[in-house]
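Take a look at the structure below. We will walk through it step by step, beginning where the chains meet.

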Amino acid sequence: MKLKGWKELEIGAVIPEPGNADNYNTGSWRAFRPQWIEDNCIQCLFCWIYCPDSAVTVKDGKRGEFDYDHCKGCGICANECPGKKGNKAIVMVEEGK
Amino acid sequence: MSTPLRLKELSKKEDLLTGGHRLCSGCGAPIIVRQVLLAAEVPVVAANATGCLEVSTSIFPYTAWKIPWIHSAFENAAATISGVEAMYKALKRKGKIDRKIKFIAFGGDGGTYDIGFQSLSGAMERGHDIVYICYDNGAYMNTGIQRSSATPLGANTTTSPAGSVIPGKLQPRKNLTKIMAAHGIPYVAQTTPAHWRDLMTKVRKALDVDGPAFINVLASCNRGWRTPTNTTIQDTKLAVETCYWPLYEYENGRLKINYKPKEKKPIVEFLKTQGRFKHLFSPGNEHILEKIQELVDAEWEALLREESLYSEEG
């Protein structure tokens, strides 16, 4: 994002564009990356409701890939994932490996 | 018609808090905000007290909020939202606005239990049609884990450090949910983000009420609680299973406990996973563990007794 000069800034530090933090990527914070294993997924969407960073994409009520631009790798999704027959649908993998 | 409280249906709604905010990995606060905004069925305007949530979601020139949002200071989120609500009522009276809009204030425990307490109490007493949501992580985490009046007994913080002289915080936390219930407002509740359906049901009830409502939500903070980033939900579940943080509500002054664990777990189950209580497990500090258990038992039994009074009335 190009920084504005003082003449262009809104009065009172108003940010006129709602939700523009979406353009700010926090993916580089990650030390561990969640990996989705679709075969073990029962579509409970616990990962989606418990994600602090809105980084689980869902379309038409079904989950899709992780939004790695925003995922900070906390691992809540993997911890809360019930999986299928004891096999987790989300596992954490160390970044860079 | 309102969206059914099923994740599949809720996931079709727009997320009103985006990613890209700068809250810590595994923070409890944004999970709460997402659930609150997903539960709301009418447009909402929010005010925010100073705190982690406010700072990290609105680092200029970015905002993670997709709703009108205002921050003015630490001590006055409730007063700020009162003013917004009063203006809305005035505009409505003059016929300049006809949409139904609801007003929510968010604050941490520092901005709610301590610094914003008088403005909160005032707003509740004046009867504004607002919902105040406190995310209580039990200390001033934003400035580096200083004790607040929400910090539990025995917790190690930078201003109640555990050492050879004192074993962490010397005072039990204050029961703000009960204090808010004592204001005699139409709706008061306590919940956690782990119990998402309970939280969302309570948010809807609070928004439906014509008048002030208060919801106290336990939020874990892995920096301050000294827990791994992935146990945020697990820890708040344990708080409920040990009756440290019972799920209950007051509707028009009438208490209802929303969840009673089949087997109440001992409080050490909640304490032992958190580094802030680590010193309590050293020899010589057993009496503090006992004291914490006593406090939890006393609160839980008092709640059960109070609820039974209403069931006798029928």
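Chain A and chain B bury about 3,200 Å² between them in this predicted model. Carbon and sulfur atoms account for 62% of that area. Why quote an area at all? The size of an interface is often given as the accessible area lost when the parts come together.

Which residues of chain A supply the most? W48(A), I49(A) and Y50(A) provide 20% of the area that chain A buries against chain B, more than any other three residues. The contact can also be counted in residues. On chain A, 37 residues take part, and they are in contact with 40 residues of chain B.

Now look at the polar side of this meeting. There are 21 residue pairs in polar contact between chain A and chain B, with both partners at pLDDT 80 or more. The count of salt bridges between the two chains is one. It joins the side chains of E80(A) and K237(B), at 3.0 Å from N to O.

Where on chain A should you look? Two helices, α1 (46-49) and α2 (76-80), each supply at least two residues of the side that touches chain B. The residues of that side divide into 21 nonpolar, ten polar and six charged.

Next, cross over to chain B and find helix α9, residues 232-241. Is this helix mostly covered or mostly open? Mostly covered: seven of its ten residues are buried. These are T232(B), I233(B), D235(B), T236(B), L238(B), A239(B) and V240(B). What do they pack against? One partner is α2 of chain A. The others belong to chain B: α2 (29-39), β6 (213-218) and α10 (268-271). After α9(B) comes C243(B), with a positive phi near 65°.

Helix α2(B) leads us on to the largest nonpolar core. It supplies eight residues, the largest share of this core. The core has 118 residues. F106(B), Y132(B) and F214(B) touch the most other members. Follow F106(B) and set aside its neighbours within four places in sequence. F106(B) is then in contact with ten residues that include V33(B), V36(B), W65(B) and I133(B).

Finally, return to chain A and find K4(A). It sits in the segment before β1 (32-36) of chain A. Is K4(A) buried or partly exposed? K4(A) counts as partly exposed because its relative accessibility is 47%, and the partly exposed range runs between 20% and 50%. Compare its place with that of Y50(A). The two are 46 residues apart in sequence and 35 Å apart in space, C-alpha to C-alpha.

Technical notes
Residues are numbered from 1 along each chain as its sequence is written. Chains are lettered from A and ligands numbered from 1 in the order in which they are written. This is a predicted model: local features need pLDDT of at least 70, side-chain atom pairs count only at pLDDT 80 or more; totals for chains, interfaces and linings use all residues. Side-chain values use heavy atoms; hydrogens and water are left out. Contact means heavy atoms within 4.5 Å. Buried area is the accessible area (1.4 Å probe) that two parts lose on being put together, summed over both. A salt bridge is a side-chain nitrogen of Lys or Arg within 4 Å of a carboxyl oxygen of Asp or Glu. A polar contact is a pair of N or O atoms within 3.5 Å; within protein, one must be able to donate a hydrogen and the other to accept it, and residues adjacent in sequence count only if both atoms are side-chain atoms. Helices (H or I, at least four residues) and strands (E, at least two) are DSSP runs, numbered from the N terminus. Ala, Val, Leu, Ile, Met, Phe, Trp, Tyr, Cys and Pro count as nonpolar, Asp, Glu, Lys and Arg as charged, and the others, Gly among them, as polar. Buried means under 20% relative accessible area, exposed over 50%, partly exposed in between (1.4 Å probe, protein chains only). A nonpolar core is a set of buried Ala, Val, Leu, Ile, Met, Phe, Trp, Tyr and Cys residues joined through side-chain atoms within 4.5 Å.
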